Amino acid sequence: YIKMRLSIIRTATNSFARGNYARISSSDLSFFEKAIGKDYVKTKEIENYTSDWTRQMKGSSECVLLPSSTEETSSIIKYCAEKRIAVVVQGGNTGLVGGATPIHDELILSTGRIKNNFHLEPSSGVLTLDAGFILADADNRLAEHGFMMPLDLGAKGSCQIGGCIAAGAGGIRLLRYGSLHSHLLGCTMVDGKGTILNLGGRLRKDNTSLHTAHLAIGSEGQLGVVTSVTMGVVPRPLSILSAMLAVSSYSDCIRILSLARSKLGEILSSFELIDGETMKCVESHLPLKNVFQGSHDFYLLIETHGSNGDHDAEKLNQFVEEALGMELAVDGVAANSENERAHMWRLREESPIAAAKDGYIYKFDVSLPLEHFYRLTEETRDKLKGRGRVYCYGHLGDGNSHLNVTTDGEDEELKKELSPFVYNWVVSHGGSISAEHGIGQLKRDYRSLGKSASESSLIRSLKGVFDPHSILCPYKMISTQD
Amino acid sequence: MRVLVGVKRVVDYAVKVRVKPDKTGVITEGVQHSINPFDEIALEEAVKLKEKKAATEVVAFSMGGPKCQEVLRTALAKGADKAIHIEVPDADASKLEPLHVARALKKIIENDKFDAVFLGKQAIDDDANQTGSLIAGILDWPQALYASKVEPDGKYLKVTREIDGGLDTIKVSLPAVLSADLRLNEPRYATLPNIMKAKKKPLEKKSAKDLGIDVTPQTKVLEVSEPPVRQAGGFVDDVSALITKLKEKGFIKA
């Protein structure tokens, strides 16, 4: 069934044709200027909004709006719904699948100025904040009160919380703290008619009806614009310990993961993989050095979070002694200061940046059962036979591989073959073609893979309820035509 | 050549330091501490000399409360062979001054021959930059401070120093005092096998009182306060607006 579906996809023409939406006119611009102020209706120098950060995906939009509140957002969307103007919603524009940038001339609605309200309830650990807050800034503010954002990702210095919700962001500590579903309590979303929806609330427990706020998670702007988020935040750990292990085989990596789970238990917070090729790529494209002398085939970055430094160090030491004693790891290094820890994380978090500098890049973000996790990388290397370079890094603890392929310049032949090959492999081995990055425009053609007809139909119906004129983020995750 | 390396436990360089409400100092409770970055560089240099066979033994030294042992263990994991902890009660630890540390170093050297004392150029908490010079004066040893390059030369050390005017290269005869500046080297990470081996390396503890080291403070901190909040800047649209603003603020004559 899967092979048949994929062959259908392979031969289908790229159906990104512009929909029947209005083109923005000067009277539209006047309306926007009156609604949010002339300074916040941008028509010049908007390259950073019209393309993604890899500059591989670019649209032809001519207007960016920067509302500062839920109300301003509502009046914009209401107007666009009436006039049938297509809108793409953009937060920090750090997405990896081109979900936040236009395909054609969609109006770009940036949430970057919606950041007035930030309220923490310290005794319950409940935070309400506007969608435009940058994740790192929100985290710094929480630090002053002994709290921490439950998610962390490489893009934290630029990504916004509204975008995190819409993308269903995962990150480097999902292993410990769980996904956004574990933390979201409520949100405010402006739907495709301009209606302000206040979903959920501030309570940890409320079983009075459907948990509608959770529909926003991973909705990729299809149902509405998230303008405010209410979520649980976690106590800031008093002890953070980081270490890197050098490992010679993938099967040893998995054994180390089991050992970490049993010996570190509740303090295990991150378990990340960087493969040997990726580390070499990082060293050659960035001014960053490996923490190990010599190169190895696999590197693991392990972090613990806890409330008692001595207790955690004791556990980490025992774990490390066993890992080295049983020769599961060839070498290991511990971070002894914040600088050393930051350096280790830069190696992992800047891997995507190094890969992007390595050539024309094809990014994959897949979930696989652990026994198949690395075989995908090996088989992709075999298939390419030197036509491109293959890198693998990711959240090994979550079974989430960020497979990246780079070529010198765009290879049209490879482009047509690579995605079907990887996605077919992933689905036939019981995995997901998008673990955390989402569908956006990049994986649009494969969005129905693995979904039943009834689920797809339900999703289209929900889209119709929230966005009856299909003006929100068209040409992407949900189409009303399938 | 036997090298004694001084290491100090300080608030981690990356921590955002905050002043105590009573203004007597900065908050150190519950805050991440680590080895003073310049001391780490000094230690790395000593260990490098040992690896080049120019030094035979590297001994790490720290003076302070019980938690000093953490940085001494790190030093052992990063290549020191032995560690010495001169302990003072926690209450006195925060009032220790460079002169007390210099006196402690003198006591250690009296009982045990060393050919060099390596230190970081200054500690990042008090920025005193005194211990190196004080111990050199007390022992009447030559000093090579702010070293950015060290070359052993028989009974001498050839040291390149970073000074305001550029680079200054000197030759000092051993025994000598050396202080490390930022660009001397890049400290290594403590490998996990070495961290485990470090647990078996000797860590000697002596109390300052038993050694007869006088730790009476000579200075008293009157007040610690935050620097003034930086005023927000403003944007101007063009050069004439800039000129007007500069005139308004009295930076250029009208």
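**Exercise 1. In what sense, and over how many bridges, do β7(B) and strand β8 of chain B pair?**

Some ground rules first. This is a predicted model, in which local features need pLDDT of at least 70 and side-chain atom pairs count only at pLDDT 80 or more, while totals for chains, interfaces and linings use all residues. Residues are numbered from 1 along each chain as its sequence is written, chains are lettered from A and ligands numbered from 1 in the order in which they are written, and side-chain values use heavy atoms, with hydrogens and water left out.

*Solution.*
- Step 1: find the elements. Strands (E, at least two residues) and helices (H or I, at least four) are DSSP runs, numbered from the N terminus.
- Step 2: apply the pairing rule, by which DSSP must find at least two bridges between two strands. β7(B) and β8 (residues 156-163) of chain B pair in the antiparallel sense over 6 bridges.
- Step 3: check a position. B:Pro152 stands opposite B:Leu157 in β8(B).
- Step 4: look at the turn. The two strands form a hairpin with 2 residues between them, and B:Gly154 there has a positive phi of about 65°.

**Exercise 2. Find a parallel partner of β7(B).**

*Solution.*
- Step 1: β7 (residues 143-153) pairs in the parallel sense with β10 (residues 176-180) of chain B, over 3 bridges.
- Step 2: for a position to inspect, B:Gln143 stands opposite B:Val177 in β10(B).

**Exercise 3. Describe the interface between chain A and chain B.**

*Solution.*
- Step 1: count contacts (heavy atoms within 4.5 Å). Here 20 residues of chain A are in contact with 18 residues of chain B.
- Step 2: take the buried area, meaning the accessible area (1.4 Å probe) that two parts lose on being put together, summed over both. It is about 1600 Å², of which carbon and sulfur atoms give 57%. A:Asn336, A:Glu338 and A:Glu340 supply 29% of the area that chain A buries against chain B, more than any other three residues.
- Step 3: list salt bridges (a side-chain nitrogen of Lys or Arg within 4 Å of a carboxyl oxygen of Asp or Glu). There are 3 between the chains; one of them joins B:Lys199 to A:Glu321, with the closest N and O atoms 3.2 Å apart.
- Step 4: locate the elements. The largest share of the side of chain A that touches chain B, 5 residues, comes from α11(A).

**Exercise 4. Which strand of chain B is joined to β15(A)?**

*Solution.*
- Step 1: β11 (residues 190-191) of chain B is joined to β15(A) by 2 bridges, and the strands run antiparallel.
- Step 2: A:Ala334 stands opposite B:Ala190 in β11(B).
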